[in-house]
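These are my notebook entries on a single chain, kept in the order in which I looked things up.

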Amino acid sequence: MWRLEGIQMRCLLSIFAIIVATLTPATAQPTSDDALRTAFARPTAVPYPANNRFTAERELLGRTLFFDPRLSGSNLLSCGSCHNPAFGWGDGQAIGRGHAMVPLTRRSPSILNLAWSNAFFWDGRAPTLEIQALGPLSNTIEMNMPIDALPGKLAAVPGYRRLFEAAYPGEPLSLDTITRAIATFERGLVSGLTAFDRWVAGNNDALSPAERRGLDIFVGPAGCAACHTGWNFTDGQFHDTGLPTRDVGRAQLDTQDPHALFAFKTPGLRDVGRRAPYMHDGSLPTIESVVRFYETGGEERPSRSPHIRPFRLTEIERAELLAFLRTLTAPPRDVAVPSLPR
Ligand code: HEC
Ligand code: HEC
């Protein structure tokens, strides 16, 4: 008798699943409100690491350093030049420009909600925000600051000596205290409450019926919630979405995992309406173009995530999904830019 080995069986089953998924038009399977409310509940407090606790003095120092162009070799670029609150803490460009207007290789990402992240940059090569901050400072095409000269440059400013002493009493003004202060400021950058959060908190009227159906499409047939999980809509993992690119992404660090090729960190979707263009290379100009890209399934290649596959949305379903995604952007808030010390 003809029998299937386990592996062949699994193969057949997954081929069958793909055929079903491709042929079935996407229809929203409602998920229970309670389950969704639990899955997307916001955390109540910002986590700060034990070796760099929050104090108001550290936050003020970090905020000041973040917006101070004297941290760059040319005195022209600050962190805030590329991570601008007006553009969702990105720079609104497909590919940003750094020192001497040299184009960078990837898009400047939003830096919202990074207190909950544990791998930084699109490929996750920095393990903490403190270590991450050293990257752009010293990178010759970003801020081009001879890094060992930075503590001395800041110590020559009496106002900075006072701010450092208040933030890290008894500790030297060093790259360590500079990056810890910047990281403290960044951890405090938390996206604001939106209509979606009001719905999660129990207000059924906070989402329109179309937006609510969009949520079902997001977690259901469109498959977005396989990777965009939790209140910040990221699993913190790296995936190849099938986006055409020559950038090897995560494979630069991880040479073992075949899925690391062309894989990038899943971006959170909070305030996503404020930071077009999208993806690591800024190649998709609008959220609608992102959704239409996912519908195609992208480039079929061995590294592509098994969660990515072509699917079909009707015009109405696509509009509902987009309406839901729009509920994730909070109203703009004023950001206090400190006066720079002398
Ligand atoms: C010239 C533009 C530019 C400047 C200036 C700049 N950045 Fe960035 N930033 C980028 C780009 C581009 C990336 C993504 C690079 C990559 O992934 O390889 C990035 C990535 C980051 C990330 C990682 C975000 C994430 O989700 O993993 C953080 C945090 C960050 N920058 C903070 C800073 C800080 C702090 C400064 C100042 C010390 C700074 N940046 C200066 C362009 C800039
Ligand atoms: C396999 C995991 C995965 C799935 C499924 C997925 N995404 Fe993504 N998403 C990512 C990754 C990874 C990126 C970054 C890819 C890149 O830059 O090359 C991304 C990028 C995005 C961006 C751009 C954000 C930015 O700041 O550039 C949006 C918007 C987005 N996804 C929405 C969605 C929607 C809507 C769906 C469902 C239709 C979806 N995603 C499905 C992993 C996923």
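Which residues is Arg301 in contact with, leaving aside its neighbours within four places in sequence? I found Asp240, Gly242, Leu243, Pro244, Thr245 and Phe262 in contact with Arg301 once those neighbours were set aside. I note here that the model is predicted, and that I read every entry below in that light.

**Entry on Arg301**

I located Arg301 in the loop between helix H11 (287-296) and helix H12 (315-326), and its relative accessible area of 15% puts it among the buried residues. I then looked at its polar partners: a polar atom of the Arg301 side chain lies 2.8 Å from the backbone oxygen of Leu243, and the Arg301 side chain also makes a polar contact of 3.0 Å with the side chain of Glu299.

**Entry on the annotated domain**

I checked the record next, where UniProt, in an unreviewed entry, lists residues 209-329 as "domain: Cytochrome c". Over residues 209-329 I read 27% helix and 3% strand, with the end C-alpha atoms 18 Å apart.

**Entry on aromatic pairs**

I counted aromatic pairs with ring centres within 6.5 Å, and the count came to 18. I looked first at Phe40 and Phe196, whose rings are 5.5 Å apart centre to centre with 75° between the planes, an edge-to-face pair. Phe40 lies in the loop between helix H2 (33-39) and helix H3 (56-66) while Phe196 lies in helix H9 (residues 195-200), so this pair ties together parts that are 156 residues apart in sequence. Phe40 is buried at 3% relative accessibility, and Phe196 is buried with a relative accessible area of 0%.

I then turned to Phe66 and Phe185, where the ring centres are 5.1 Å apart and the planes meet at 55°, so I entered the pair as tilted. This pair, too, links distant parts of the chain, with Phe66 in helix H3 and Phe185 in helix H8 (residues 175-187), 119 residues apart. Phe66 counts as buried at 1% relative accessibility, and Phe185 counts as buried at 1% as well.

Into which cluster do Phe40 and Phe196 fall? I found them in one aromatic cluster with Trp199, Phe218, Phe233 and Phe324. I also noted that the charged end of Arg37 sits over the ring of Trp199, at 4.2 Å from its centre, and that elsewhere in my list Arg250 lies over the face of Phe238, at 4.0 Å from the ring centre.

**Entry on salt bridges**

How many salt bridges does a search of the whole structure find? The search returned 19, of which I wrote up the following.

- I found Arg63 in a salt bridge with Glu59, the closest N and O atoms being 2.9 Å apart; both residues lie in helix H3, four residues apart, about one turn of the helix, and both are buried.
- I found the side chains of Arg270 and Asp197 meeting in a salt bridge at 2.8 Å, N to O. This pair links distant parts of the chain, with Arg270 in the loop between strand E2 (264-265) and H11 and Asp197 in helix H9, 73 residues apart, and both residues are buried.
- I found Asp271 in a salt bridge with Arg274, the closest N and O atoms being 3.2 Å apart; Asp271 counts as buried at 7% relative accessibility, whereas Arg274 counts as partly exposed at 22%.
- I found Arg106, Asp123, Arg125 and Asp247 linked in a network of salt bridges.

**Entry on backbone geometry**

I kept in mind that most residues other than glycine have a negative phi, and that most peptide bonds are trans. Against that background I recorded a cis peptide bond from Ala276 to Pro277, with omega near -5°, and I placed Pro277 in the loop between E2 and H11. Met279, which also lies in the loop between E2 and H11, has a positive phi of about 80° although it is not a glycine, and it counts as buried at 14% relative accessibility.

Phe121 has a positive phi of about 85° and is likewise not a glycine. I found Phe121 in the loop between helix H4 (79-82) and helix H5 (129-138), partly exposed with a relative accessible area of 22%.

Terms used: Residues numbered from 1 in each chain as written. Chains lettered and ligands numbered in written order. Predicted model: local features only at pLDDT ≥ 70, side-chain atom pairs only at ≥ 80, totals over all residues. Heavy atoms only, no water. UniProt positions renumbered as here; feature names shortened; annotations may be inferred. Helix = DSSP H or I, 4+ residues; strand = E, 2+ residues; numbered from the N terminus. Phe/Tyr/Trp six-rings, centres within 6.5 Å; stacked < 30°, edge-to-face > 60°. Buried < 20%, exposed > 50% of the residue type's maximum accessible area, 1.4 Å probe, protein only. Lys NZ or Arg CZ within 6 Å of the ring centre and 35° of its normal. Polar contact = N/O pair within 3.5 Å; in protein donor to acceptor, adjacent residues only side chain to side chain. Contact = heavy atoms within 4.5 Å. Salt bridge = Lys/Arg side-chain N within 4 Å of Asp/Glu carboxyl O.
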